[in-house]
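I open these notes with a plain aim: to record what I looked up in the structure, entry by entry.

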Amino acid sequence: MSDNFLLLALTFLACLAIRSVYERLKDARLINPEHKFILSLVFAAMGGMWVSWFGMCLLDPLALKIGSVFKWTGFALVILGILLAVAALVQLRGVENIDHLVTSGLFKRLRHPMYTGFILWILGWASYHGAILSFGIGAVGIANIIYWRHLEDGRLKEKYGEPYLRYREKTWF
């Protein structure tokens, strides 16, 4: 296993940990999610997670030679994931401190299109490269994303109550 792969894997996991700690502290109301330094730190961690993930899969020591259908399906998932995440970001006009319940556009059928996009690019990029070890590490990332979604669902339920519960019934993830 190369030092570069290990460094990228540790960076990916550290960035996930930073975001998860942020989510827990925000959930416990121990930090102010409107504080610019905190938002900058979280944004940098998400950027680090993104960059390290894409580099890590390229260097995976357990990469398998895979068929072109599987490879290009993975690539399609990456593109779909990026499009979902970017479109959700554009629709929300931000990533934090949204002051209303968004239920139109992408959010009409999918509660968390940005998180869904993250999961798709993790699965897709590992598939595209046949990156077996990275796929295992990516599973930790997917578990974190599902955890973030769980925390966010709780906050939205607390903030919006019954309208959010009705919205949840009509949407996926």
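Entry 1. I began with a single polar contact: the side chain of T171 meets the side chain of R111 at 3.1 Å. I note that this is a predicted model. I placed T171 in the segment after α6, a helix that spans 162-170.

Entry 2. Is T171 buried or exposed? I found a relative accessible area of 12% for T171. Since the cut-off for buried is under 20%, T171 counts as buried. Setting aside residues up to four places away in sequence, I listed F107, K108, R109, L110 and R111 as the residues that T171 touches.

Entry 3. I turned next to the largest nonpolar core, which holds 42 residues. Within this core, F12, M49, W53, F118 and W121 touch the most other members. I then asked which helix gives the most to this core. The answer is α4, with ten residues. At least two residues each come from α1, α2 (36-58), α3 (68-92), α4 (113-129), α5 (132-160) and α6.

Entry 4. I followed F12 further, leaving out its neighbours within four places in sequence. The contacts of F12 are M49, S52, W53, M56, I122, I137, G138 and G141.

Entry 5. I closed with the surface. M1, L6, L10, L13 and V140 make a nonpolar patch of about 460 Å². Helix α1 (residues 3-27) gives the most to the patch, with three residues. I looked up L13, which lies in helix α1. L13 has a relative accessible area of 31% and is therefore partly exposed, as this class runs between the 20% and 50% cut-offs.

Technical notes
Residues are numbered from 1 along each chain as its sequence is written. This is a predicted model: local features need pLDDT of at least 70, side-chain atom pairs count only at pLDDT 80 or more; totals for chains, interfaces and linings use all residues. Side-chain values use heavy atoms; hydrogens and water are left out. Patches are made of residues with over 30% relative accessible area and no salt bridge: like charges are joined within 9 Å, nonpolar side chains (Val, Leu, Ile, Met, Phe, Trp, Tyr) within 5 Å. Accessible areas come from the Shrake-Rupley method with a 1.4 Å probe; for residues, only the protein chains shown count as cover. A salt bridge is a side-chain nitrogen of Lys or Arg within 4 Å of a carboxyl oxygen of Asp or Glu. Helices (H or I, at least four residues) and strands (E, at least two) are DSSP runs, numbered from the N terminus. Buried means under 20% relative accessible area, exposed over 50%, partly exposed in between (1.4 Å probe, protein chains only). A polar contact is a pair of N or O atoms within 3.5 Å; within protein, one must be able to donate a hydrogen and the other to accept it, and residues adjacent in sequence count only if both atoms are side-chain atoms. Contact means heavy atoms within 4.5 Å. A nonpolar core is a set of buried Ala, Val, Leu, Ile, Met, Phe, Trp, Tyr and Cys residues joined through side-chain atoms within 4.5 Å.
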